[in-house]
Amino acid sequence: MSPRAEPALAVHDVSKAFRGVAAVNGASFSVAPRSITALIGPNGAGKTTMFDLISGFLRPDAGNIVHDGQVISGRRLEQTAGLGLVRTFQLTRTFLALTVLDNMLVGSPRHPGERLASLLLRPRRAWRTERLERERAEQLLDAFALADQARALAGTLSGGQRKLLELARALMARPRTLLLDEPMAGVNPTMGIRLLEHVRRVRDDHGVTVLFIEHDLEAVIRYSEHVIVMAGGAVIADGTPELIRRDRRVLDAYLGLGKAAPTAAAQVPGARPE
Ligand SMILES: Nc1ncnc2c1ncn2[C@@H]1O[C@H](COP(=O)(O)OP(=O)(O)OP(=O)(O)O)[C@@H](O)[C@H]1O
Ligand SMILES: [Mg+2]
């Protein structure tokens with residue numbers, strides 16, 4: 001990427017308060033196209049709120065957000081999805097009583113109501129679209145090692161498989177930018193690494209930009225190319241993953257241990273206490 005390439009996502013001085021308490025406070029950062037960028041920070045730093053603001057689930061009190069050169073702040077969730085921004089959630093949102101395949105079809109950008117209408121009005125074309133979507137779903141399930149479970153109820157999947165399904169489903173919408181909120185949370189470390197390997201492949205094969213929230217710093221260092229650090233609603237550091245090891249502000253603020261930095265450094269992979 002040339003240094004002057006337009007960012008895939010740019011957040012300018014964005015703020016959001018809940019009943020007068022700032023969750024995000026004048027945050028600015030940008031994400032390079034086709035990069036894997038990590039958003040890290042302590043609990044309550046404002047990371048999920050930032051995703052809510054970018055995806056249109058919440059409206060910022062101030063500032064603006066630009067995706068692929070278009071201002072998207074203030075747009076609703078359905079509109080940002082239509083522009084190629086797709087997010088997954090900290091707690092997986094899988095329809096446990098549906099089959100794995102149907103969970104994939106729910107992720108298709110075509111709304112079920114719209115599908116029904118076109119099925120009645122233009123049956124031949126609707127069936128064709130339906131078939132193509134189904135084929136895409138099956139290909140993705142295959143790529144995510146879930147093909148054998150396609151007809152099983154999603155409720156029978158393991159926690160890690162549900163995370164995989166959520167990632168595969170997000171791709172049904174053909175996103176340009178993926179926002180992943182703690183893709184490794186709640187799964188064992190081996191599955192966590194497998195998930196991030198998939199994320200990397202998704203970026204390589206589908207050319208999407210990935211912004212992911214993660215607490216596992218070892219994984220962040222290994223899988224991200226750029227790191228944005230939030231604390232107290234603001235962006236306190238922004239740079240290469242090496243930043244996590246070297247930047248005193250990250251050691252202090254991210255780990256929230258203030259002067260107990262040697263202990264904090266001991267918890268940051270590869271960090272050297274001064
Ligand atoms: N809907 C809401 N109403 C009121 N306060 C909220 C709401 N959502 C978030 N907050 C508050 O905003 C702050 C930021 O929360 P947020 O969930 O964005 O943090 P986070 O960085 O994602 O944390 P974690 O790592 O624990 O997921 C917290 O103090 C939280 O309590
Ligand atoms: Mg969160």
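Two strands count as paired here if DSSP finds at least two bridges between them. On that footing, this predicted model holds an open sheet of six strands, and their order is S6-S7-S8-S3-S9-S10 with mixed pairing. S6 (85-88) and S10 (234-239) sit at the edges, each pairing on one side only. From one strand to the next, the twist averages 20 degrees.

Zooming in on one pair, S3 (residues 36-40) and S8 (residues 209-213) run parallel and are joined by four bridges. One residue to look at in this pairing is alanine 38, whose bridge partner in S8 is phenylalanine 212. In general terms, the strands of a sheet pair through backbone hydrogen bonds, and the pairing can be parallel or antiparallel.

Helix H1 (residues 47-55) lies across a good part of this sheet: S3, S6, S7 (177-181), S8 and S9 (226-231). Relative to S7, H1 runs at about 150 degrees. H1 also turns up around ligand 1, where it supplies the largest share of the shell, three residues. The full set surrounding ligand 1 is Phe18, Ala23, Gly41, Asn43, Gly44, Ala45, Gly46, Lys47, Thr48, Thr49 and Gln90. By residue class, that shell splits into seven polar, three nonpolar and one charged.

Away from the ligand, helix H3 (residues 100-106) includes valine 100. Valine 100 counts as buried because 29 other C-beta atoms lie within 10 Å, and the cut-off for buried is 20 or more. Setting aside neighbours within four places in sequence, valine 100 is in contact with Leu141, Leu146, Gln149, Ala150, Ala152, Ala154, Leu157 and Leu165. Alanine 150 is 50 residues away along the chain, yet its C-alpha atom is separated from that of valine 100 by 4.9 Å.

Leu165, one of those contacts of valine 100, is also among the buried residues of H6. Helix H6 (residues 159-172) has 14 residues and reaches 20 Å from its first C-alpha to its last, close to the 20 Å expected at 1.5 Å a residue. H6 is mostly covered, with twelve of its 14 residues buried. The buried set is Gln161, Arg162, Lys163, Leu164, Leu165, Glu166, Leu167, Ala168, Arg169, Ala170, Leu171 and Met172. An α-helix has 3.6 residues a turn, so residues three or four places apart point the same way. Just after H6, the backbone does something worth flagging: arginine 174 takes a positive phi of about 50 degrees.

Note on methods
Residues are numbered from 1 along each chain as its sequence is written. Chains are lettered from A and ligands numbered from 1 in the order in which they are written. This is a predicted model: local features need pLDDT of at least 70, side-chain atom pairs count only at pLDDT 80 or more; totals for chains, interfaces and linings use all residues. Helices (H or I, at least four residues) and strands (E, at least two) are DSSP runs, numbered from the N terminus. The expected span of a helix is 1.5 Å times one less than its number of residues. Axes are lines fitted to C-alpha atoms, for helices over the stretch in contact, and angles run from 0 to 180 degrees between N-to-C directions. Two residues are in contact if their C-beta atoms, placed from the backbone, lie within 7 Å. A residue is near a molecule or strand if its C-beta atom, placed from the backbone, lies within 6 Å of it. Ala, Val, Leu, Ile, Met, Phe, Trp, Tyr, Cys and Pro count as nonpolar, Asp, Glu, Lys and Arg as charged, and the others, Gly among them, as polar.
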